[in-house]
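Reader: Please show me the model. Then take me through its helices.

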Amino acid sequence: MFKTFREDIAACMARDPAARSKLEVILAYPGFHAVVWYRLSRWFWRRRFYLLGRVISHIGRMLTGIEIHPGATIGKGFFIDHGFGTVIGETAEIGDNVTLYQDVTLGGISPSENSDVQRLQKRHPTLGNDVIVGSGAQILGPITVGDGARVGANSVALMNVPAGATVVGIPAKIARGRAKDEDTDHVRFAAYGTQADIADPMQRVIDALLDKVQGLSMQVEDLERRLTDSSKAEWDITPNYDEPAPAADGDSDGGGCTDQNN
Ligand SMILES: CC(C)(COP(=O)(O)OP(=O)(O)OC[C@H]1O[C@@H](n2cnc3c(N)ncnc32)[C@H](O)[C@@H]1OP(=O)(O)O)[C@@H](O)C(=O)NCCC(=O)NCCS
């Protein structure tokens, strides 16, 4: 169990830019405390001390504001940043190196209906490895979130999320598919789920406006050129010696009318 705690501390250090030392994580990280309480409650739960497991889990909830059911299965390197208001249900399964922020729910879809039928059934989501779930996101039902997927802040995910995809909104839809790193099974973690090389939104707007202005000025140039060409053609009175000269009697269609007077 201590090896797992070491991995949990390492996960906090690696994934929170604000973490300064392991001691700080041990003393002042509610997400880490919640995981410690969870692992303890899980130990009893797995040995069928269900009530004791629940009570330990409840103490953890009182102290951290994070509720993790001891029946949930959680892999190594699990990190809950801030975490207040986060709820993880009984049949949730979480892979390795998963990150959750505050106010996340891994919950059942309709917990208040037919509770007896749902008992001991898989009701909560399964998260693969390296998943990031943004603050306020709700992942509901026995759905699967694939390896390396990201669920945007405040999204409500009700359908399976493919590996490597980013889903956002209510209901959550794919914003962008991200291919998995082929060299390794590990998708590089980005704090808060955002990439360091992501463009500044203002810069993106300015770039889009510059593209538009450039497109418009090219159109104006083109129109000016066409206008100049057509007015040149209209006023050009230089005779064209390649074409046959008009008939001397002014009959522009080359004769025929003269027959009328005969
Ligand atoms: C979803 C998230 C992980 C970003 O993932 P990403 O793969 O880097 O995706 P991008 O930032 O490129 O966004 C993709 C699209 O989704 C939109 N988007 C991103 N996050 C969104 C959200 N939470 N809700 C709605 N739309 C969102 C973006 O505007 C973008 O739209 P566009 O394609 O029209 O420009 C990130 O936005 C997020 O929600 N992170 C959680 C952060 C968090 O909880 N922080 C708490 C710290 S205390």
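Author: A residue is buried if 20 or more other C-beta atoms lie within 10 Å of its own, exposed if 12 or fewer, and partly exposed in between, with C-beta atoms placed from the backbone. Helices (H or I, at least four residues) and strands (E, at least two) are DSSP runs, numbered from the N terminus. This is a predicted model: local features need pLDDT of at least 70, side-chain atom pairs count only at pLDDT 80 or more, and totals for chains, interfaces and linings use all residues. Residues are numbered from 1 along each chain as its sequence is written.

Reader: Which residues of α4 are buried?
Author: α4 runs over residues 50–64. Its buried residues cover an arc of only 100 degrees around the axis (taken from the directions from the axis to the C-beta atoms), so they sit on the same side of α4. They are Gly53, Ile56, Ser57, Gly60 and Thr64.

Reader: Which exposed residues does the face of α4 turned away from its buried side carry?
Author: The buried side is covered by elements that include α3 (30–46) and β1 (67–68). The face turned away from it carries the exposed Leu51 and Met62.

Reader: How are α1 and α3 oriented to each other, roughly parallel or roughly antiparallel?
Author: The axes of α1 (residues 2–15) and α3 come within 10 Å and cross at roughly 160 degrees. Axes are lines fitted to C-alpha atoms, for helices over the stretch in contact, and angles run from 0 to 180 degrees between N-to-C directions. Angles under 35 degrees count as roughly parallel, over 145 as roughly antiparallel, 65 to 115 as roughly perpendicular and the rest as oblique. α1 and α3 are therefore roughly antiparallel.

Methods:
The expected span of a helix is 1.5 Å times one less than its number of residues. Two residues are in contact if their C-beta atoms, placed from the backbone, lie within 7 Å.
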